[in-house]
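The exercises below ask you to read local geometry from a structure and to justify each step. Work through each task before turning to its solution.

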2 protein chains.
Amino acid sequence: MILTVTLNAALDLTYRVPRLRPHATHRVTHVAERPGGKGLNVARVLAALGHDTVVTGFAGGPTGTTLRRLLADGSRPGTLTDELVTITGPTRRTIGVVDESTGESTQLNEPGPEVTSEQWTSFCERYARLLRGARAVALCGSLPPGVPVGAYAQLVREAHAARVPVLLDTSGEPLRRGLAARPDLVKPNTTELAALTGSTDPLRAASDTRRRGARAVAATLGPDGILALTPDGTWRAAPPRRIPGNPTGAGDSATAALLSGWLEGLPWPDRLARAVALSAATVRAPVAGEFDREAYEELLPQVKVTEA
Amino acid sequence: MILTVTLNAALDLTYRVPRLRPHATHRVTHVAERPGGKGLNVARVLAALGHDTVVTGFAGGPTGTTLRRLLADGSRPGTLTDELVTITGPTRRTIGVVDESTGESTQLNEPGPEVTSEQWTSFCERYARLLRGARAVALCGSLPPGVPVGAYAQLVREAHAARVPVLLDTSGEPLRRGLAARPDLVKPNTTELAALTGSTDPLRAASDTRRRGARAVAATLGPDGILALTPDGTWRAAPPRRIPGNPTGAGDSATAALLSGWLEGLPWPDRLARAVALSAATVRAPVAGEFDREAYEELLPQVKVTEA
């Protein structure tokens, strides 16, 4: 199975309003609830691709109960097993407010519950147990209050000790610290790369990120696709055209595709083509965080991968 | 006991953000959850004033469970009994986003769950039973989807039949229809009055509202206090000075004060003074929907009531 870690899971709400105006009262015309947090998104896409997945991290309170119920919903070719550690603090909500007049989204993210040191210890024990059965692990997203900032460095080291390949997708100080533990792959976007390295040139920034410890870097460039610097070479992969839609979850689909291609032993160019096609198919899907299977099949052979 | 009806109860969330910018991602710095919906606010204030209260309406789903737990929290001189009818649809959330740079609030209100005709019938049976023990009833707030637009007119008529005095605090078509059933008191604000009558002059609009069926009208004028047109006379009541703070729930405190003064047999000028002082003490309280007891005691003798 593939293990994904989501320390700061969220109940994702999407609100549609005719037009967002600061300081006004809005009647929300449509509400959607779904499980949120990068690692949960990655696991749902992997299960939809046919992989058996296990999710861990934290969940608590009434929002945590709703999150777990939504996570269990739906049938997928692969299994999705809930190994989240129950805590007392309520799982945070994240709210995306979509302005129907422009299509643009305004995001409000709760900080997340305070995790105690006992709860962190419980998680570490669960993680160590789950690693024994894992073929790969993805460490995803921000850290909730109370979790040590060096958490990902510790989890990367434990994965290495268990000989499980590890992908890290986070930002800021947790990414900086995590890199020092030498993860097999990191998947930053351009904003995260610039914050980490100070460079807005993706090639320079990704190269610097490898020097900081990542064996491979797959930098997502939004509509421009992916730039990958790996021990086997450097590639750019781009969709055949601009895909309009909702980019929420597109990066998580890229993570799922990279993991899936990795475990199937695909060469890097094929992994990247899969990541770009799956990202674009996620942008095309009507619901944030899901992907349009037909669009995926259609786009996959059209992705251009070039050596850089 | 005093009965309050909240057909569209809400779990009220207050988010604080450093600065609200449309289309940006915000980290919420502080989250507060409280029971929401006008009738629930009125009941909480009445119980804090020492009255025994019963709340009814609808609650459902995980948000409904949280709402009921929060409603049961806290000790008050009066009792607050939960007689909400449980439904399958989840209780709506309302979110107030406070911009810390300006202090201004942006409101996002979910529409509420669809109420079935069976659920509406259950509510009507519960209401009829509760009316038998009620000294007064307050019908408060908007109607959720599925409840007939003439609901308040029906509930006003049933209160009359049971010889229970009835206060109506709603807006739009439910207010227009409710007025035809001749409620004892309505408590519109200036926006609601203007929408009902087409007049922005409060005296003219309140007078028109009485002609439409209300025995008495207590129009809340924001920081300018209250204008009351009653069978006993017409009065204006105003706070001694502008009270800075958060106006959320101030109107509901006015409703609670009017009910409380009514049941104590106070003359209209004393009821109005209580309503203005309690509203102002709510604006002054740090948490929306609660009131500052010291400010209330201090402001009460300072309210100016004049015959208009």
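**Exercise 1.** For residues 11-287 of chain A, state how far apart the end C-alpha atoms lie and what the helix and strand content is.

*Solution.* In this predicted model, the end C-alpha atoms of residues 11-287 of chain A are 15 Å apart, and the span is 38% helix and 26% strand. According to UniProt, in an unreviewed entry, these residues of chain A carry the feature "domain: Carbohydrate kinase PfkB".

**Exercise 2.** Classify the ring pair formed by F123(A) and Y127(A), and place both residues in their helix.

*Solution.* A pair of aromatic rings is described by the distance of the centres and the angle of the planes, and a search of the whole structure finds eight such pairs over all chains. For F123(A) and Y127(A) the centres are 5.8 Å apart and the planes are at 25°; because the centres lie within 6.5 Å and the planes are under 30 degrees apart, the pair counts as stacked. The next step is the position in the chain: both residues belong to helix α3 (residues 117-131) of chain A, and because they are four residues apart there, about one helical turn separates them. Both F123(A) and Y127(A) are buried. Finally, ring pairs join F123(A) and Y127(A) with F58(A) and W120(A) in a cluster.

**Exercise 3.** Carry out the analysis for F123(B) and Y127(B): what are the ring geometry and the relative accessible area of each residue?

*Solution.* The ring centres of F123(B) and Y127(B) are 5.8 Å apart with planes at 25°, so this pair is stacked. The two residues lie four residues apart, about one turn, in helix α3 (residues 117-131) of chain B. F123(B) has a relative accessible area of 0% and is therefore buried, and Y127(B), with a relative accessible area of 0%, is buried as well.

**Exercise 4.** Test whether the length of helix α2 (residues 61-72) of chain B agrees with its number of residues, and then locate its buried side.

*Solution.* With 12 residues at 1.5 Å a residue, α2(B) should span 16 Å, and the distance of 17 Å between its end C-alpha atoms agrees with this. Turning to accessibility, the buried residues of α2(B) are T63(B), G64(B), T66(B), L67(B), L70(B) and L71(B). They cover an arc of only 160° around the axis and therefore lie on the same side of α2(B). The face turned away from that buried side carries T65(B) and A72(B), which are exposed. Just after the helix, G74(B) has a positive phi of about 90°.

**Exercise 5.** What is the sign of phi at R163(A) and at R182(B), and in which loops do these residues lie?

*Solution.* Most residues other than glycine have a negative phi. R163(A), however, has a positive phi of about 55°, and its place is the loop between α4 (151-161) and β10 (166-169) of chain A. Because its relative accessibility is 77%, R163(A) counts as exposed. At R182(B) phi is also positive, near 65°, and this residue is in the loop between α5 (172-179) and β12 (185-186) of chain B.

**Exercise 6.** Give the strand order of the open sheet of 10 strands in chain A and explain why β6 and β15 have a side without a neighbour.

*Solution.* The order is β6-β5-β1-β9-β10-β11-β12-β13-β14-β15, with mixed pairing. Strands β6 (80-87) and β15 (304-307) of chain A stand at the edges with a single partner strand each, so one side of each lacks a neighbour in the sheet. Within the sheet, β13 (residues 226-230) and β14 (residues 233-238) of chain A run antiparallel and are joined by five bridges, and T230(A) stands opposite G233(A).

Technical notes:
Residues numbered from 1 in each chain as written. Chains lettered and ligands numbered in written order. Predicted model: local features only at pLDDT ≥ 70, side-chain atom pairs only at ≥ 80, totals over all residues. Heavy atoms only, no water. Phe/Tyr/Trp six-rings, centres within 6.5 Å; stacked < 30°, edge-to-face > 60°. Buried < 20%, exposed > 50% of the residue type's maximum accessible area, 1.4 Å probe, protein only. UniProt positions renumbered as here; feature names shortened; annotations may be inferred. Expected span 1.5 Å × (residues − 1). Arc of directions from axis to C-beta. Pairing = 2+ DSSP bridges.
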